[in-house]
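Q: Can we go through the pockets in this one? I'd like to start with the terms.

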Amino acid sequence: MREDGPLRLPGTMRVNHLGHLEIGGCDTVELARQFGTPLYVLDEALIRRQCRKYREAFVRHGLRGEVIYAGKALLNKAVCRIIAQEGLSLDVVSGGELYTAIAAGFPPERIYFHGNNKSEEELRQGLDCGVHRFVVDSLYELHLLNNLAAEAGKVAGVYLRITPGVEAHTHTYIRTGQRDSKFGFDLVGSVALEATKQALALPHINLVGFHCHIGSQIFDVESFKVATEVMLDFAASVWRETGFALRELDLGGGMGIRHVASDRPLEPEQFVAALADAVRTGVRRHGLPEPKILIEPGRSIVG
């Protein structure tokens, strides 16, 4: 992949005098001889740099928020420890991922439990571990979680996953935010509003905020800005209808990475700057208090 000159390699990667790729000072040909192939080699310095770019962008733009690493991009105990050390939170989507995180010593108060169709066993596991937030995308899960939390004598912190109807400019099969998505509560026909009312009425559910995810491998910042606008419009309608003031808004992930020479990934700075602008425009328009903003980069950290 050459692009108007020599191949540009990120992080600690370079081509050494033998013409071999090096990562972190290690010759990958020698690594393959020692460990065999296929072999996954991670550039720890690059992963840490990407984590810091996201956190620093929040600080620069004065945005009260949190960066959550999307574990589905790559999750093992070593990655969990790096993410924890860099001050990011973690999103898991299954009991297996939650087990890995806890085994790595990741603080449960920084774990967000995603995943559609979570089983009763997985919800119990999350409650037992003390995960920070459950992201709920069906009424069945909402009521099951309420019942399980009651049995455990706990109150579960919850985000409702909303489908904002925003089509990101990606391949059809990895779009998850449109109105025909199987994930989350639709804004059409008051489905999301009704789910919100039910969540607010359940004694062992603490509804804290809303979540959306519009797709993956996205290079267009406008998609995220539109999704933010739609979510704040919904939050304002909920406030008028129920008095519930949105405290936390999780805008998901999906930032693309470079697969081919023509790809132009967003830098963390570009992404966070666009969100900060969209959030402040939206809260001013509706007179809302500014919520805590959360994002979930995954492949753009480890990819």
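A: Helices are DSSP runs of H or I with at least four residues, and they are numbered from the N terminus. The model here is a predicted one.

Q: OK, so which helix gives the largest share of the lining of the largest pocket?
A: That is H2, which supplies six residues of the lining. H2 covers residues 44–60.

Q: What else supplies at least two residues there?
A: Strand S2 (21–23) and helix H10 (299–302) each do so as well.

Q: And what is the volume of the largest pocket?
A: About 920 Å³. Its lining has 31 residues, and those closest to the centre are Pro10, Leu46, Ile257, Arg258 and Gly303.

Q: How does that lining divide into nonpolar, polar and charged?
A: The lining of the largest pocket has 18 nonpolar, four polar and nine charged residues.

Q: Now the second largest pocket. What lines it?
A: There are 25 lining residues, with Lys72, Val93, Arg161, His213 and Ser216 nearest the centre. The volume of this second largest pocket is about 530 Å³.

Q: Same split for that one, please: how many nonpolar, polar and charged?
A: Eight are nonpolar, eleven polar and six charged.

Q: Changing topic: where does Asp27 lie?
A: In strand S3, which covers residues 26–27.

Q: Is Asp27 buried or exposed?
A: Asp27 is buried, and it has no salt bridge.

Q: Why no salt bridge?
A: A salt bridge needs a side-chain nitrogen of Lys or Arg within 4 Å of a carboxyl oxygen. The nearest side chain of opposite charge to Asp27 is Arg33, 6.5 Å away.

Q: So what does the side chain of Asp27 make a polar contact with?
A: The side chain of Asn16, at 3.1 Å.

How values were computed:
Residues numbered from 1 in each chain as written. Predicted model: local features only at pLDDT ≥ 70, side-chain atom pairs only at ≥ 80, totals over all residues. Heavy atoms only, no water. 1 Å grid on protein atoms, 1.4 Å probe; cavity = no way out; pocket = protein on both sides within 12 Å on 5 of 7 lines; lining within 4 Å. Points joined across faces, edges and corners; volume = space filled by probe spheres on them. Nonpolar A, V, L, I, M, F, W, Y, C, P; charged D, E, K, R; others polar. Buried < 20%, exposed > 50% of the residue type's maximum accessible area, 1.4 Å probe, protein only. Lys, Arg positive; Asp, Glu negative; His and termini not counted. Polar contact = N/O pair within 3.5 Å; in protein donor to acceptor, adjacent residues only side chain to side chain.
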